[in-house]
Every structure is written in C-alpha cells, then in structure tokens.
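Here is a set of short exercises, each with a worked solution. Have your viewer ready and try each task before reading on.

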Amino acid sequence: KGKIDWILTGKSRVEFLGGWVERKNTSLPSNDFSGLNARLTYAWQPTSKIDITLSGRRETVPIQSLNANFSVVTGASVSSNWRLTEKTKISGSFSYLSQKLDRLTSQISSGKRNNIITASIGLIYAPYPSIEISTLALHNSLSTNSPLGGFNANGATINIRYILGRP
C-alpha cells in the first residue's frame, strides 16, 4: 500500500492511496480475490470562498451478509462548498458507485451488481463559532439485478450542532 500526497499549487493538491490486495477464503477458495485497491482525490480551491473535490476509487469493501463476504466498489464523486458569508455556506455532493458482490452470490438468487447514486445539497449557518445549524436535502437511489429490486429515496434533515472547544 502506498500513499502520495502532492501539493500541485497553493490552491490544489492530489492524493493517491492504493496498492495490491489479496483476500483468501480458506473455506471457499473460489471466493479468493486479488487486485488493485486505489483511491485518487483532487482538491481545488479556485477562490477563497469555493472549494471543489473530485474523487475516484476502486476498493474491496467488507460487507456483512449471509451470501457475500466482500464487494468490489468502483465509483466517482464530486463535492463542493461555497462560503456565502463568514457564517453561511452551501454544500453539495454527487456520487456514483458500482458495487460488484463476490462470487458466492452467483450461487444464490441474489443481486450481483448494484449501482448507487447519491446527491445532496445543504445550507450551514454558524451564528457563533461553536454552534452550527444546518439543513440538507438528499436523494439516494439503488438499481440492482436482484429480484428484490432497487429503490429511490428522498429526504431532508435539520441539525443543530455544538462544537466543544470552540469559544
């Protein structure tokens, strides 16, 4: 596993984290996995009030399921923050993930591939340095080849957070 953190300019940087991974399953060797795990992130701050982060990944992810013990996730995401004032900012994010479950699922009538889309937009207001009031609207969808089907979900949250240690 290796990590590269490269500061390109005073306003942008690239981070790579990755390496070769091997998963051995002693009770079911057909579920062994060998491949690259990697995450690449580009962070850019074009102005003092805007920051944008682009990210891509391919990783094996452990899951707790009766019919799978890991999945391979590939995907990309973008997120951004815009500081409207010293006390107010807007945040947004979008991600697309493709999840391929391990080989055991092919022997059971369950989905082998899931596509997950998540999008959100939020507003954060900090009337004092130690208090944040935020609201968030989000969308999440799952498409799958599982006979159980996928879903679409929309939601909203309102939060108040007190941050210890700030005056």
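How many residues stand between β1 and β2 in the hairpin that they form? Two residues stand between them. Before going further, please keep in mind that this is a predicted model, where local features need pLDDT of at least 70, side-chain atom pairs count only at pLDDT 80 or more, and totals for chains, interfaces and linings use all residues. Residues are numbered from 1 along each chain as its sequence is written, and side-chain values use heavy atoms, with hydrogens and water left out.

**Exercise 1. List the secondary structure elements and work out the sheet order.**

Step 1: Start with the element count. The protein chain has zero helices and nine strands; helices (H or I, at least four residues) and strands (E, at least two) are DSSP runs, numbered from the N terminus.

Step 2: Put the strands side by side. The nine strands make an open sheet with antiparallel pairing, in the order β1-β2-β3-β4-β5-β6-β7-β8-β9. Two strands count as paired if DSSP finds at least two bridges between them.

Step 3: Find the edges. These are β1 and β9 (151-162), each of which pairs on one side only. From one strand to the next, the twist averages 10°, where axes are lines fitted to C-alpha atoms and angles run from 0 to 180 degrees between N-to-C directions.

**Exercise 2. Follow the ladder of bridges through the sheet.**

Step 1: Begin with β1 (residues 2-9) and β2 (residues 12-23), which are antiparallel and joined by seven bridges. Here D5 faces E15 of β2, and T9 faces S12 of β2.

Step 2: Move on to β3 (residues 33-44), which pairs with β2 in the antiparallel sense over 12 bridges. V21 has G35 as its bridge partner in β3.

Step 3: Continue to β4 and β5 (residues 70-83), an antiparallel pair with 13 bridges. In this pair D51 stands opposite N81 of β5.

Step 4: Finish with β5 and β6 (residues 88-101), which are also antiparallel, over 13 bridges. A76 has Y96 as its bridge partner in β6, and a hairpin of four residues connects β5 to β6.

**Exercise 3. Trace the salt bridges.**

Step 1: Set the criterion and the total. A salt bridge is a side-chain nitrogen of Lys or Arg within 4 Å of a carboxyl oxygen of Asp or Glu, and the whole structure holds six of them.

Step 2: Look at R13 and D5, whose side chains form a salt bridge at 3.2 Å, N to O. D5, R13 and E15 belong to a network of salt bridges. R13 is partly exposed at 32% relative accessible area, and D5 is partly exposed at 45%; the scale runs from buried (under 20%) through partly exposed to exposed (over 50%), using a 1.4 Å probe and protein chains only.

Step 3: Go to D51 and R83, where the closest N and O atoms of the salt bridge are 3.2 Å apart. D51 is in β4 and R83 in β5, 32 residues apart, so the pair links distant parts of the chain. R83 is partly exposed, at 26% relative accessibility.

Step 4: End with E132 and R161, which meet in a salt bridge of 3.0 Å, N to O. Because E132 lies in β8 (residues 131-144) and R161 in β9, this pair ties together parts that are 29 residues apart in sequence.

**Exercise 4. Compare the settings of N114, T60 and Y162.**

Step 1: Take N114, which has its place in β7 (residues 113-128). N114 is buried because its relative accessible area is 12%. Its side chain has a polar contact of 2.6 Å with the side chain of T144; such a contact is a pair of N or O atoms within 3.5 Å, and within protein one must be able to donate a hydrogen and the other to accept it, while residues adjacent in sequence count only if both atoms are side-chain atoms.

Step 2: Take T60 in β4 (residues 50-62). T60 counts as buried, with 9% relative accessibility. Leaving aside neighbours within four places in sequence, its contacts (heavy atoms within 4.5 Å) include V21, F33 and F70.

Step 3: Take Y162 in β9. Y162 is exposed because its relative accessible area is 53%. Not counting residues up to four places away in sequence, Y162 touches S130 and I131.
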